[in-house]
There are 2 protein chains.
Amino acid sequence: MKLSKSGEYALRALIFLALRYNKNKDAIVKIQEISLGERIPKKFLESILLKLKKAGILKSSRGTGGGYSLNKAPEEITLAQVIRIIDGPLAPLGCASVTAHVYCPEEKNCGLQKVMKDVRNAISGILDHYTLHDVLLRTSIANEDG
Amino acid sequence: MKLSKSGEYALRALIFLALRYNKNKDAIVKIQEISLGERIPKKFLESILLKLKKAGILKSSRGTGGGYSLNKAPEEITLAQVIRIIDGPLAPLGCASVTAHVYCPEEKNCGLQKVMKDVRNAISGILDHYTLHDVLLRTSIANEDG
DNA sequence: CTTTAATTCTATCGATTAAATAGAGTAATG
DNA sequence: CATTACTCTATTTAATCGATAGAATTAAAG
C-alpha cells in the first residue's frame with residue numbers, strides 16, 4: 001500500500017514550495033534548492049515538477065533567476081490531487097477505483113472489491129480534504145518567525 | 001497507493017481457499033486449481049503460497065493428492081496480516097509505519113508524516129478488523145447452495 | 001518393493017516497469 | 001554573447017512480475 005518514491009518526492013517538494021509561497025507569494029525557487037533541501041535526486045525531481053506543472057499545480061520561469069512556484073494557493077491543493085497526478089488512482093485495486101475504474105468479470109459478486117472500496121473511501125476521505133496548507137499547520141517550523 | 005500484484009493474488013487465492021474450507025474444513029486444493037480459477041500465473045502463485053505457508057497462514061502436503069489448505073479458520077485471518085506478509089507495512093510512508101518504522105531526521109516536525117499516520121490508521125482500522133470470513137459474507141456466491 | 005505419476009519446493013532467468021543519471025536543447029537575463 | 005536554469009530525450013540501474021527447469025516428496029499402480 002506504499003506511496004511511490006515519485007509521489008513522496010512530489011509531496012515533499014510541494015510542501016517546500018508552499019512554505020516559500022506563504023513567506024512571499026511570488027517567490028521563485030530553483031530545482032536545485034528543493035533538491036538539496038529535501039535530499040531528492042535533482043534530475044528525478046525535475047521530471048516530477050514538470051508533470052506537476054503540466055497538471056496546472058506549478059508554474060515555472062526559465063533562464064537566470066528562473067525556477068518553480070505554486071500556481072495556486074496552498075489551500076487549493078489537496079494531497080489527493082497530487083498523488084493522483086503522480087501515482088494514479090488512490091484505490092488499492094483497479095476495480096475499486098472511482099477515477100480509473102477497471103472492469104473485472106466477477107464484479108457484482110466480489111467481496112474483495114467491496115472491502116477495497118471501503119479502503120479507498122477511507123483514504124480519499126482524508127487526502128481529498130487535506131491541503132498543503134493543512135500540512136503546514138501541522139509542521140511547527142512553519143509557524144516560527146523567520 | 002496500490003496493492004502489488006502479489007498482494008492481490010495472495011488475497012484472491014486465500015478467498016478461494018476459504019470458500020473450500022467452509023465446505024470442507026479438510027479440503028486440499030492444488031495450486032493449479034487456484035491458478036485456473038483465479039487466472040493467476042501458476043509459478044508466480046506458487047511462490048506466494050509458499051510465503052503464506054512459512055508465515056503460518058497455510059499448510060501444504062506434497063505428492064499425489066497434495067495441495068494447500070488454510071491453517072486457521074477464515075475468521076482468524078485478517079486482510080492486514082496477509083498484506084503485511086506479502087507487501088510489507090500498510091503505511092504509505094516508511095516514517096508513518098507502526099510495524100516497520102523508518103526514522104527520518106525531521107520526524108518531530110513533519111506535517112506529512114502526521115497526515116500519513118492518519119491514513120495508515122484509517123487503512124489498518126479497516127484491514128486489521130476484516131477477515132476472510134467477512135469477505136465471504138459480502139460475496140453472494142459463497143452463500144448459494146452447492 | 002519398484003516404478004510411475006502427481007504435486008510441492010528450490011533456484012534461476014527474462015521481461016516489464018519504476019527510479020535515478022547524463023547530456024543536449026531552449027529560453028531568459030545582464 | 002556568455003551564463004544560468006528550465007525542458008526534453010536517452011540511457012542505466014534496480015525492483016517487481018512472470019516464466020522455466022528441475023529436484024524432492026508422496027501416493028498409488030503394477
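## Aromatic pairs

In this predicted model, two aromatic pairs are counted over all chains. One of them brings together A:Y9 and A:F44, whose ring centres are 5.8 Å apart and whose planes stand at 85°, so the pair is classed as edge-to-face, given that an angle over 60 degrees is what that class requires. This pair joins distant parts of the chain, since A:Y9 belongs to helix α1 of chain A and A:F44 to helix α3 of chain A, with the two positions 35 residues apart in the numbering. A:Y9 has a relative accessibility of 12% and therefore counts as buried, whereas A:F44, at 35%, counts as partly exposed.

In chain B, an aromatic pair is formed by B:Y9 and B:F44, which is likewise edge-to-face, with 5.8 Å from centre to centre and 85° between the planes. Here too the pair links distant parts of the chain: B:Y9 sits in helix α1 (residues 5–23) of chain B and B:F44 in helix α3 of chain B, 35 residues apart. With a relative accessibility of 13%, B:Y9 counts as buried, while B:F44 is partly exposed, its relative accessible area being 35%.

## The surface near DNA strand C

Around DNA strand C there are 25 residues, and those that come nearest are A:K43, B:E46, B:K53, B:R62 and B:Y68. Of the atoms of DNA strand C that come within 4 Å of the protein, 67% belong to sugar and phosphate.

Both chains take part in this surface: α1 (5–23) and α3 (42–54) of chain A, along with α3 (42–54), β1 (58–61) and β2 (67–70) of chain B, each supply at least two of its residues. The element that gives the most is α3(B), with five residues. Sorted by character, the residues of the surface near DNA strand C comprise six nonpolar, ten polar and nine charged ones.

## Polar contacts with DNA strand C

Which part of DNA strand C does the side chain of A:K43 approach? A polar side-chain atom of A:K43 lies 2.3 Å from a base oxygen of the strand.

From chain B, the side chain of B:R62 places an N or O atom 2.9 Å from a sugar or linking oxygen of DNA strand C. A polar side-chain atom of B:T64 lies 3.4 Å from a sugar or linking oxygen of DNA strand C.

Key
Residues numbered from 1 in each chain as written. Chains lettered and ligands numbered in written order. Predicted model: local features only at pLDDT ≥ 70, side-chain atom pairs only at ≥ 80, totals over all residues. Heavy atoms only, no water. Near = heavy atom within 4 Å. Polar contact = N/O pair within 3.5 Å; in protein donor to acceptor, adjacent residues only side chain to side chain. Helix = DSSP H or I, 4+ residues; strand = E, 2+ residues; numbered from the N terminus. Nonpolar A, V, L, I, M, F, W, Y, C, P; charged D, E, K, R; others polar. Phe/Tyr/Trp six-rings, centres within 6.5 Å; stacked < 30°, edge-to-face > 60°. Buried < 20%, exposed > 50% of the residue type's maximum accessible area, 1.4 Å probe, protein only.
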